[in-house]
Amino acid sequence: MRAQEDRDQLLGTATPVRGYLLVEEPGPWGPGAVPASRLGEATTARLREAAAALGVKLLLVRRPDAAGRDPGGPRRLFLADCRRGRTRLRTRLAPLDALAAVVDGGGEDGGWEDATGPLLLVCTHGRKDWCCAVRGRPVVAALAALDAEAVWECSHLGGDRFAATALSLPGGAVHGHLGPGDAPALLAAVRSGRVLPDRLRGRCGDAVVVQAAEAHARLVLGEDHLDAFTPLHAARLAEGPDGRLRWRVRFDAHGPLEVDLAEGRAPAHRLTCSAGAAQQARTWDLLELRR
């Protein structure tokens, strides 16, 4: 994949959404970012509306060994809040014919319980982009061999050109350009509240400029603890002499930290398996980092 060979920038590419609604559907999944499935159009539409009302993103999930599961059985649900200082992951089982009604309650009907341990979701949504299935499934297999309970396949996470890409919950860190060989390090990092700085795309819930500034700072400082950075303020500065926008992001990171970035544009390589016309992607160059 050219995006990986040419090192398209990973940083600043996580979806800035505050949380997720995960709905188990053993598959198959159809095309589309929120795919059609055996749940049916009416149930999917209601789940999408419920997720929007909660301010979260809907994802379908399935176990790596989902083949042979009862298509009419109860489904596992998860509600994840990824906001800094509020991270929480709750779960419950729900009958197939009551999924939307359960979610409409927003997790406040008493049937939910806190989930134990973090989750790792790997995008394998081949009907959205084949590369996610081709690159994602070997990563799922490698992770599941280490900890099958923690790992789920998921529908479209965004950033297909960064496949394989993975989301950890409830912390919300998104990693990309993963291979099976990264599985032990990724699982160990997630279990211990850390990230892989050289594979980090960003932390969902943050603006993309904050994601990019934090990722640059992690690479410079060698900091891998998930909660080592607390964003305080992001401001757009005057254009530089090259005409590019400039930004300053302030963090509390074991003391004050300022990160100055230049925002640019570069071609986003279209060599994922089902990508359309080439597009422009944001780039973020580090100008200065100050303690």
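**View 1. Gly222 and the helix α6 that comes before it.** Just after α6, in this predicted model, the residue Gly222 takes a positive phi of about 70°. Helix α6 itself runs over residues 208-221, and its 14 residues, counted at 1.5 Å a residue, should span 20 Å, a value that agrees with the 20 Å separating the C-alpha atoms at its ends. Because eleven of the 14 residues of α6 are buried, the helix is largely enclosed by the rest of the structure. Among the buried residues of α6 are Val208, Val209 and Val210, and they also include Gln211, Glu214, His216 and Arg218. As background for reading this view, an α-helix has 3.6 residues a turn, so residues three or four places apart point the same way.

**View 2. The aromatic pair of Phe78 and Trp152.** The structure holds two aromatic pairs, and the one shown here is formed by Phe78 and Trp152, whose rings meet edge-to-face, with 5.6 Å from centre to centre and 80° between the planes. This pair links distant parts of the chain, since Phe78 belongs to strand β3 and Trp152 to strand β7 (residues 151-154), 74 residues apart. Both Phe78 and Trp152 are buried.

**View 3. The aromatic pair of Phe229 and Phe251.** Phe229 and Phe251 also form an edge-to-face pair, for which the distance is 5.6 Å centre to centre and the angle between the planes is 80°. Here, too, distant parts of the chain are linked: Phe229 lies in the loop between α6 and β11 (230-237), whereas Phe251 lies in strand β12 (residues 245-252), and the two are 22 residues apart. Phe229 has a relative accessibility of 1% and therefore counts as buried, and Phe251, at 1% relative accessibility, counts as buried as well.

**View 4. The second largest pocket and the residues that line it.** The second largest pocket has a volume of about 310 Å³, and of the 20 residues that line this pocket, the closest to its centre are Arg63, Phe78, Thr116, Leu119 and Glu149. At least two lining residues are supplied by each of β3 (75-81), β4 (88-94), β6 (119-123) and α5 (183-191), and the largest share, three residues, comes from α5. Sorted by character, the lining of the second largest pocket consists of ten nonpolar, three polar and seven charged residues.

**View 5. Arg62 and the ring of Trp29.** In this close-up, Arg62 lies over the face of Trp29, at a distance of 3.6 Å from the ring centre.

Terms used
Residues numbered from 1 in each chain as written. Predicted model: local features only at pLDDT ≥ 70, side-chain atom pairs only at ≥ 80, totals over all residues. Heavy atoms only, no water. 1 Å grid on protein atoms, 1.4 Å probe; cavity = no way out; pocket = protein on both sides within 12 Å on 5 of 7 lines; lining within 4 Å. Points joined across faces, edges and corners; volume = space filled by probe spheres on them. Helix = DSSP H or I, 4+ residues; strand = E, 2+ residues; numbered from the N terminus. Nonpolar A, V, L, I, M, F, W, Y, C, P; charged D, E, K, R; others polar. Expected span 1.5 Å × (residues − 1). Buried < 20%, exposed > 50% of the residue type's maximum accessible area, 1.4 Å probe, protein only. Phe/Tyr/Trp six-rings, centres within 6.5 Å; stacked < 30°, edge-to-face > 60°. Lys NZ or Arg CZ within 6 Å of the ring centre and 35° of its normal.
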